[in-house]
Amino acid sequence: MKEAQGKTIYLKDYLPPSYVIDETHLIFKLFEDKTLVRSRLLMRRNPAVGQQGLAELVLNGRDLELEKVILDGEVLDSQHYTVSDDTLVIPTVPDSFILECETTIKPQENTSLEGLYKSRVMFCTQCEAEGFRKITYYLDRPDVLSIFTTRIEADKTLYPVLLSNGNNLASGDLEDGRHFVTWEDPFRKASYLFALVAGKLKSVEDSYITCSGRKIQLQIFVEEKDLDKCDFAITSLKKAMKWDEDVYGREYDLDIFMIVAVDDFNMGAMENKGLNIFNSSCVLANPDTSTDQAFQRIEAIVAHEYFHNWSGNRVTCRDWFQLSLKEGFTVYRDSEFSADMGSRAVKRIEDVSFLRTVQFAEDNGPMAHSVRPESYMEISNFYTVTVYEKGAEVVRMQANLLGPEKFRQATDLYFQRFDGMAVTTEDFVQVMEEVSGLDLVQFRRWYSQAGTPRLDVSGKYDSQLNTFSLTISQSCLPTPSQAVKDPFYIPLRMALLDPQGKPISLCLELNEKESGDNDVSDELVLHFSEAEQTFVFKNVIEQPVPVLSRGFSAPVKLHYPYARDELMLLIQHEQDGFARWEASQQLALQILDELLLLHQQGKALAVDERITAAYASVLEAAVSDSSLDKAMLSNLLLLPSEAYLAELAEEVDVDGIHFVREFLRRHLAAELETKLLTVYEDCRNTVPYLFSAEEIARRSLQNTVLNYLACLDKPECWELIEKQFKTANNMTDSSAAIRALVNNPSEQSKALRDELIAGFYETWQHENLVVDQWFSMQSAVSAPDNLGQIVSLMEHPAFDIRNPNKVRSVIGAFCHNNAVGFHQLDGSGYDFLADQVITLNTLNPQIASRLLTPLTRWKKFSTQRQEIMKAALNRIKETPDLSRDVFEVVSKSLQ
Ligand code: TRP
Ligand code: ZN
């Protein structure tokens, strides 16, 4: 078994398939103990490969019981094929033939949530990446594109709704209270896009008229109890359909678009052709049960899956190494959509925060891989923040390099040229080059090299020559199997501010080697591409303050020795929202670093009051200027997260980071109490709930401020929190009241927190998704002794280890978001996680492997912690029957 576990697949070994499948006809007979699957495949040799390809036919299949194989109408006896754990091999087949297979599967016993499985009352599928092979024998790879017809038969009372991809062709009654429905998908697709759903479902219906006047039927299928939570997703879907027409010229292609909500789901959602399947937490919402954050997430994910219809389904990936071709591009598309729907600067800030905390950490850990990985053992482990979020940054850089018009021309050409094909990231970049005339040879390293480039920048002002020189050097740490990195091409959108904070006209001295846009303006893009380069600006008459990465123009770590007064100037005057926020983060980081050092030396903590002044001016602006974006102001008041501080640290001082960050929060709250109260009162509002960018922004500022007020340990503040909780007319405000109490260790705070948490459960125990939130609020309580709480939550009747959302909201929230509790020095957190991973390894390998991440970061911690973390990893590694998913992550992280 160990050998099969450790088998590595390499990009360099890619070969096109020896056979193609023109048509795939499937019949499913669903029963309560098993499902019979009958396939009829119209196959022929791949003309692109000709006779050089293998003569034998090798089909993928896992956990299947093979009943019968029929080749061109003849039943094959068992000497004419071989079945292994993961293949069916037929040594000789004609050039063109019909293959029929009958298999039995057991969806009811499938806890991996991959292939066909049962989620409570309904049947559903998840085929990406390699789940289709758990349904029937097939060429289960993304470059085999076939037309599918699907007939589903099931009990009519239990499963009145039977769905699959494409158009409904026929339906009717059968004997024994059963019925059938037949679906046909006219678009060729890869098997990972196949979907089937059967259940007692109700639907919310709407329609959309496309740009060419076609009427599309829209349906969201849910259990009856959730019918009141579909409107928002329908609205989001229509907005996404319109946006893709307006911004990318992409029209929907089928006459019907369906979404199904499923409670047990490994990821967020899946873009199956015409039949998207969603984790219910990513589609169901109403103001009573969902926070603003949940609404925004739903809007983004509905759009993401819809956008895949072009970036993923019509144009798909040649092999799974190309995953970012569809995911990076689609994340870029959905982030631009969200930016257009809400606050652009705030969307950018949120995306960059996430990238820098989670993706930079991945790039620095044992599973680091490039956007286009070179090898994998288990592809499910590569649905990562690197492939998704860094991949989106790589597309964003290309979009910015080309500019909006050329980029649109390029995407038009991409969709047109590769429609109906399975292609590579190389094809994507080539189209960008072809349309723009740019040379992207060096740029391609963003796809092939892992690791986050670090930029060290220094500035030198010469008052004699009136020049300002920026010297930039880049470096990138080794990552597994890539010891040495070549320089990246890094676009830096920058500006220089004068001492009054006004941008100055930029005039770059160009020599042959260095390049940059040469028009005189107050912003330009530096094309930084060598190990080290100096850029000289002329006619600079005063010492300027540089702004180095407006809009975070490249996914790099920037180091510039800003003086704190320079940061103050940027916070006050910089026009780019992202850069202004970044200056305030830099100021906070400098101050937190200083506090951490004092704390580690056992000295008294003294706060540089410039941060208090900066926050004071944000609070004043919130009251005096109602035209300012309150979401932006709210972000300006947020200290860097513990997770980001940990990512930046050489060696993570878990308790120190928590201590000084909480210290600074309490200090700011005490110093700014009156201003905070004024802003809170100003933002408090009892008008009926409205989901609009402006109202979300208001609630965000209100609740950020409430979080500070909660640190004050004052009866007036407890009263405010309690009042907000009791009078809230929406979930954002009521859950924010509880969350404001989470990090306060005082007894009074704990008492109130326990009271509110109990009340919350009382009210919401019948709403599954709210119970998830209830779990995660408690798991995130940053207390050293929180593990006991976690263990008792797992005994709560609402907890179910087979449900990924529950696992994420209890175990995940504790291990990922509660550093103080998880990293207890007695190793209890590590042991606990190892136990859970071992349990889940058998039930659901994908979830087990994802949960494991915090342990893989052992190199970032003290030697004392390293030893216990490694011991926990070793214990997992020694577990018999380790899944490929978990084996890959433990073995790589112990190397
Ligand atoms: N393609 C999906 C998306 O990003 C991702 C996905 C959904 C997935 N379910 C999965 C990936 C299960 C791996 C396994 O939109
Ligand atoms: Zn996706």
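## Zinc site

In this predicted model, the zinc ion (ligand 2) is coordinated by protein atoms of three residues named here: His304 through NE2, His308 through NE2, and Glu327 through two OE entries. The distances run from 1.9 to 2.7 Å. Along the sequence, the donor residues follow the spacing H-x3-H-x18-E. His304 sits in helix 3 (residues 292-307) and Glu327 in helix 4, so this pair ties together parts that are 23 residues apart in sequence.

The geometry of the site is irregular. Angles among the six donor atoms of the zinc ion (ligand 2) range from 47 to 161°. For reference, ideal angles at a metal are 90 or 180 degrees for six octahedral donors.

## Burial of the donors

Two of the donor residues can be placed by accessibility. His304 has 7% relative accessibility and counts as buried, because the cut-off is under 20%. Glu327, at 1%, is buried by the same rule.

## Helix 7

Helix 7 covers residues 425-436. Its 12 residues, at 1.5 Å a residue, should span 16 Å. The end C-alpha atoms are 17 Å apart, which agrees. Just after helix 7 comes Gly437, with a positive phi of about 75°.

## Packing of helix 7

Which residues of helix 7 are buried? They are Thr425, Asp427, Phe428, Val429, Val431, Met432, Glu433 and Val435. These buried residues pack against helix 4 (323-341), helix 6 (385-417), strand 24 (421-423) and helix 8 (445-448). One of these partners, helix 4, also holds the zinc donor residue Glu327.

Key: Residues numbered from 1 in each chain as written. Chains lettered and ligands numbered in written order. Predicted model: local features only at pLDDT ≥ 70, side-chain atom pairs only at ≥ 80, totals over all residues. Heavy atoms only, no water. Helix = DSSP H or I, 4+ residues; strand = E, 2+ residues; numbered from the N terminus. Expected span 1.5 Å × (residues − 1). Buried < 20%, exposed > 50% of the residue type's maximum accessible area, 1.4 Å probe, protein only. Contact = heavy atoms within 4.5 Å. Donors = N, O, S within 2.8 Å, 3.2 Å for Na, K, Ca; no water. Tetrahedral: all angles 85-135°; square planar, octahedral: opposite > 155°, others 65-115°.
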